[in-house]
Amino acid sequence: MLYVCATLLVIIAIFVSIIRWYPNLSDIVEEKIETRLADILNADIVIESLDISRNKLFSEIVAQNVKIIDRQNPDNAWQLRKARLEINLSKSLLTQSLRVKEVSLEGLDLLLQRDESGDMTINQTFLLPKNRINQQSGENAGRYSDVRLVLVDSNLHWVDELTQTNYLFKAIDISIDPTSRGYDVYLAGDLPEVLGQSIRAYLQFEGNLRQLAEAEINFYLKTEQFHLSEVAKRFVGDSGEKVPVVVGAEVWGIFSNNTLSSLRGSIRAEKIVEDPNSINQQLCLSDEYIQQLSMKFEWENVDRNWQFLANDVEVISSKRDWPKSDMQFKLHRHSLNAKSIFAHIGTMNLGSICNTLHAYSPHIVRFEDQLKQYRFDGNIDDLFVRFDLLDDHQSSYQYFAQFSDASMWMAQGDRKVSGLSGFVEGSDSGGKALLDSTAIGVQVPDQFPGFELRFAAQGEISWIHRGHSHEINADSLHIFNDDMNMNARIHAKLDNGAIYTDSQIHLDYANAAVVGDYFPLVPRTERTKKWFTDALHKGDDTSASVLLRGGTRTAMAARAPAFAARR
């Protein structure tokens with residue numbers, strides 16, 4: 001479109017070049033220019049005034065208030081507030097032809113439309129040919145290859161029937177500057193209100209416009225207050241309008257051979273969760289949620305194998321600021337199928353992550369189904385996670401973390417565990433946890449109705465995964481509270497849904513009156529639990545051992561404890 005306007009203004013220049021010598025012919029020349037442009041555009045042209053700039057004598061022509069009226073649809077008129085053409089006098093004299101240095105269009109209102117077939121028109125008047133750059137002849141492409149094209153304070157209305165979008169971009173400034181090696185392109189303007197605040201971009205590439213698809217393009221992009229709701233609607237439908245996130249980004253990158261090869265910059269996301277009431281389900285075990293997230297990032301693509309690195313990650317929740325320098329994420333694609341993920345987080349609050357995930361889970365059906373049963377909270381320190389997906393689709397992972405006051409709630413069955421502290425490390429084949437918890441709470445309503453187990457625990461628990469078989473082991477687990485003090489050796493195996501245990505509990509002390517409360521209400525212990533509850537009301541157990549051996553599908557052997565009653 002800018003090159004078409006350049007052609008028109010060259011015609012204007014030819015006629016206007018004699019105006020300074022024959023001022024009485026000014027009106028006649030203007031009329032002839034209007035007639036000539038009307039023939040070219042197949043539209044009626046009205047130019048309010050046509051002048052030669054007195055600042056750049058004989059080298060700048062200015063047309064004011066140019067109006068273009070569609071002959072087939074007179075109501076379809078569009079206007080250009082000012083058009084300015086600057087002539088390169090020295091080149092014109094040397095080549096004995098009119099050489100244009102700059103074309104500037106100001107106050108242009110463009111309506112760019114794409115119909116369902118993909119055809120595009122400008123202001124419902126001009127049809128843009130498909131693959132225009134490739135079809136442009138070398139003669140026309142070269143004629144204006146050194147012309148600077150400028151669009152100032154203009155509006156672009158984009159209507160796309162294919163994607164059902166309708167956006168009005170205001171105050172658009174564009175400049176295309178030819179250089180000795182290629183072009184520099186600058187763009188700035190206001191985004192439609194529904195999209196955000198503003199956008200600014202700068203592109204630099206070698207070669208001419210016909211080689212744009214193969215050129216190496218260096219670019220810079222900055223956006224302010226970009227609303228993700230418009231993007232979310234493209235993926236999750238109308239519910240995407242409820243996504244409140246507002247993003248600001250500043251990025252530098254290289255686009256080469258029609259492929260993005262590198263990207264770096266910073267991004268800031270605000271209003272991640274504006275209101276906890278937006279969480280459709282019950283809150284997690286915390287009312288904290290993430291409000292802002294910012295990071296610096298680098299992305300490199302080599303032979304279609306890419307690597308993404310994020311650092312200086314800063315998280316601001318509704319109650320605290322997470323330390324900025326303690327987070328790093330790395331994603332690496334080694335081949336088509338092989339990928340790896342690494343993360344290090346110095347400090348993290350699980351409750352805020354839980355509430356934030358639940359705020360967005362309704363928009364991702366698969367994610368919602370997997371997450372809806374769980375709530376969690378707690379503080380994590382020095383979390384390291386690595387996940388690897390291999391070419392044969394096999395996967396492996398490793399992790400390490402220190403945790404404090406961690407809690408988890410399974411909505412199904414209303415099962416809760418809280419007050420866990422210690423550290424955990426493991427992998428896809430197994431792991432271990434060192435507990436140092438002074439106030440653990442366990443709620444399992446179907447096995448301990450109306451009773452919450454509360455105790456302290458110290459010791460190490462390990463586990464092993466072998467296919468569908470899982471084992472849990474603890475050689476010495478110290479469990480105690482005001483009611484009891486015991487040491488446990490635990491070995492349990494889960495194999496295809498069946499549980500086998502070989503565990504031993506040694507009681508150093510127990511309050512006989514409440515021993516029955518600690519027996520789970522399951523078919524194999526129901527009678528024992530009732531016996532303890534009904535028979536023992538006073539006294540202390542000063543020494544007892546319980547051996548549990550067997551599976552859930554076989555009779556379980558147990559050695560009964562010995563009690564010494566004490567007044």
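**Notebook: Glu102, salt bridges and cores**

I began with Glu102 and listed its contacts, skipping neighbours within four places in sequence: Arg84, Leu85, Glu86, Val147, Arg148 and Val150. I am working from a predicted model.

**Entry 1. Where Glu102 sits.** I placed Glu102 in strand S4, which covers residues 100–114. I then looked up its accessibility. The relative value is 11%, so I logged Glu102 as buried, the cut-off being under 20%. I also checked Glu102 against Asn88, 14 residues apart along the chain, and found 8.5 Å between their C-alpha atoms.

**Entry 2. The partner of Glu102.** Which residue forms a salt bridge with Glu102? I found Arg148, with the closest N and O atoms 3.2 Å apart. Arg148 lies in strand S7 (residues 148–160) and Glu102 in strand S4, so the pair ties together parts that are 46 residues apart in sequence. I noted Arg148 as partly exposed, at 30% relative accessibility. The two side chains also register as a polar contact, at 3.2 Å.

**Entry 3. The wider network.** I followed the charges outward. A network of salt bridges links Arg84, Glu86, Lys101, Glu102, Arg148 and Asp177. Of these, I had already met Arg84, Glu86 and Arg148 as contacts of Glu102.

**Entry 4. Other salt bridges.** How many salt bridges does the structure hold? I counted 19. I looked at two more pairs. Lys222 bridges to Glu224, with the closest N and O atoms 3.8 Å apart. I have Lys222 as partly exposed at 25%, and Glu224 as partly exposed at 24%. Arg454 pairs with Glu452, and here the closest N and O atoms are 3.0 Å apart. Arg454 is partly exposed, with a relative accessible area of 41%. Glu452 is also partly exposed, at 30%.

**Entry 5. Glu471.** I turned to strand S23 (residues 469–480), which holds Glu471. Is Glu471 buried or exposed? Buried, with a relative accessible area of 14%. Its side chain makes a polar contact with the side chain of Arg466, at 3.2 Å. Leaving out neighbours within four places, I listed Ser462, Trp463, Ile464, Arg466, His491, Ala492 and Lys493 as contacts of Glu471.

**Entry 6. Cores.** I finished with the nonpolar residues. The largest nonpolar core has 48 residues, and Met348, Tyr360, Ile380 and Phe455 touch the most other members. I pulled the contacts of Ile380 beyond four places in sequence: Gly346, Thr347, Met348, Leu350, Ala401, Gln402 and Phe403. Another core, of 35 residues, lies apart from the largest one, and includes Ile47, Leu108, Val185 and Leu195.

Note on methods: Residues are numbered from 1 along each chain as its sequence is written. This is a predicted model: local features need pLDDT of at least 70, side-chain atom pairs count only at pLDDT 80 or more; totals for chains, interfaces and linings use all residues. Side-chain values use heavy atoms; hydrogens and water are left out. Helices (H or I, at least four residues) and strands (E, at least two) are DSSP runs, numbered from the N terminus. Buried means under 20% relative accessible area, exposed over 50%, partly exposed in between (1.4 Å probe, protein chains only). Contact means heavy atoms within 4.5 Å. A polar contact is a pair of N or O atoms within 3.5 Å; within protein, one must be able to donate a hydrogen and the other to accept it, and residues adjacent in sequence count only if both atoms are side-chain atoms. A nonpolar core is a set of buried Ala, Val, Leu, Ile, Met, Phe, Trp, Tyr and Cys residues joined through side-chain atoms within 4.5 Å. A salt bridge is a side-chain nitrogen of Lys or Arg within 4 Å of a carboxyl oxygen of Asp or Glu.
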